[in-house]
Amino acid sequence: MFERLEPVVPDPILGLMAQFRADPDPRKVDLGIGVYRDERGDTPVLASVRKAEAALLARQTTKAYIGPAGSAAFNRALEQLVLGAAHPALSAGRVRSVQTPGGCGALRLGAELIRTACPDAVVHVSTPTWANHAPLLSGSGLRLERYPYFDPASGGVQFAAMTAALERLPARTVVLLHASCHNPTGADLSQAQWLELLALVKRRQLLPFIDMAYQGLGEGLDADAFAPRLFCAELPEVLCAVSCSKNFGLYRERTGALHLVSESAAAADAASSQLVRIARTMWSMPPDHGAAVVQTILEDESLRRQWLDEVDGMRRRIQDLRHEVVRQLKTHCPERDFAFIGRQRGMFSFFGISAAQVRALRERHHVYMTDDSRMNIAGLRHENLEYFARAVAQVLAGQQGR
Ligand SMILES: Cc1ncc(COP(=O)(O)O)c(C=O)c1O
């Protein structure tokens, strides 16, 4: 059966991880992997998560199945976190949610629903977008196209080119949008641009599929949810894939949800029954632990407060690193403008250096980022910012530098 299978080319990020682990140099800096890191370089279990886990351990009396849509209480709590408690789509009974194995599960579930409703639907994703979007979405059989997004010259968004491309799309085209902290570029739309985009989406009758994997890590929990809140209030149909991996630090627990907004409660019920059917064909039931932790935190006032502080802490550290790294780069590489890093949001920035320069940083200075020069800002530490900036200066100047 399997003897003719060709080996899959390994994911470059996994190779980078292995190379980093094997590098014995104490100065090594990992800017490759997309997880949050603290000042010690760790990805800790949040204190609020630890407490919620202890409470769960003490009170949980069964591991019996919950159901293919997951925990109704988790789904409600996450809807309120994403949309805000008094959101008009929630009061109108237009929202349905299914708990999923992480944001990836939600993206795939949404893609399968689109394919069920409209087998030849086309999904447009930003150029560039998170590397896993293409396999997750096209894996369900949807055709993928791209719209212009990142502007390397300014480090921001090519909004005019983006809207001009979207303006040409036929009705019922799906547009994948990053709610905040765009991965891999860190370049987000402003609120004024989201409003303009909303008008376009309405006019062209497009279906927004919003990916929200970093709520709270950009400008704050509410500010980062500006787009999903606006679109879900103003449009008849929206899909929103949510991940709790980053803001709750629950990566390996596979925690997330797909929120679906429909035109009416009856349409929402029908679509949600399809979501449940599809979930049964893929993972049957979502994993419980991470969702139970999130629900415990969001429903308990003191745990929630502690978690809010922890999310604030992560966000402030990232913003602080952004400003500090710009300052260091300005000192050591004055001929080049890196101010865009301070204007971007979330963990990632496209550094804008060549693949050869990325390799030189890695080989000569033990600084690891992916070949496209995406760097995880949270992988920096205050103590190695200067080392990093000096390494960049040497590579840009084409020196050997050791
Ligand atoms: C843009 C984006 N969407 C979705 C996800 C999905 O995350 P997970 O499946 O780990 O919850 C990620 C994770 O890195 C991401 O960066």
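**Exercise 1. Locate P184 and describe the bond before it.**

Step 1. P184 sits in the loop that runs between β7 (174-178) and α8 (191-204). Helices here are DSSP runs of H or I with at least four residues, strands are runs of E with at least two, and both are numbered from the N terminus.

Step 2. This is a predicted model: local features need pLDDT of at least 70, side-chain atom pairs count only at pLDDT 80 or more, and totals for chains, interfaces and linings use all residues. Residues are numbered from 1 along each chain as its sequence is written, and side-chain values use heavy atoms, with hydrogens and water left out.

Step 3. Now take the bond. N183 and P184 are joined by a cis peptide bond. Its omega is about 20°.

**Exercise 2. Find a cis peptide bond at P128, then a positive phi at R172.**

Step 1. T127 and P128 are linked by a cis peptide bond, with omega about -5°. P128 belongs to the loop between β3 (122-127) and α6 (133-138).

Step 2. Turn to R172. Its phi is near 75°. That is a positive value in a residue other than glycine. R172 lies in the loop between α7 (159-167) and β7.

**Exercise 3. Describe the surroundings of the ligand.**

Step 1. Start with the neighbours. The ligand is surrounded by 13 residues (a heavy atom within 4 Å). The closest are D211, Y214, S243, S245 and R254.

Step 2. Look for polar contacts, pairs of N or O atoms within 3.5 Å. A polar backbone atom of G103 is 2.7 Å from a ligand oxygen atom. For a polar backbone atom of C104, the distance to a ligand oxygen atom is 2.8 Å.

Step 3. Add a side chain. An N or O atom in the side chain of N183 is 2.8 Å from an oxygen atom of the ligand. N183 also takes part in the cis peptide bond with P184.

**Exercise 4. Classify the packing of α3 against α10.**

Step 1. Two packed helices are described by the angle between their axes and the distance between the axes. Axes are lines fitted to C-alpha atoms, for helices over the stretch in contact, and angles run from 0 to 180 degrees between N-to-C directions.

Step 2. The axes of α3 (residues 72-83) and α10 (residues 226-234) come within 8 Å and cross at roughly 100°. The two helices are therefore roughly perpendicular to each other. The classes are: under 35 degrees roughly parallel, over 145 roughly antiparallel, 65 to 115 roughly perpendicular, the rest oblique.

Step 3. List the contact (heavy atoms within 4.5 Å). α3 supplies L81, V82 and L83, and α10 supplies P228, R229 and C232. These residues divide into five nonpolar, no polar and one charged. Ala, Val, Leu, Ile, Met, Phe, Trp, Tyr, Cys and Pro count as nonpolar, Asp, Glu, Lys and Arg as charged, and the others, Gly among them, as polar.

**Exercise 5. Classify the packing of α3 against α12.**

Step 1. α3 and α12 (residues 289-299) pack at an angle of about 60°, and their axes are 9 Å apart. That angle makes α3 oblique to α12.

Step 2. Name the residues. A73, F74, A77, L78 and L81 of α3 meet A291, V294, Q295, L298 and E299 of α12. Eight of the contact residues are nonpolar, one is polar and one is charged.

Key: A polar contact is a pair of N or O atoms within 3.5 Å; within protein, one must be able to donate a hydrogen and the other to accept it, and residues adjacent in sequence count only if both atoms are side-chain atoms.
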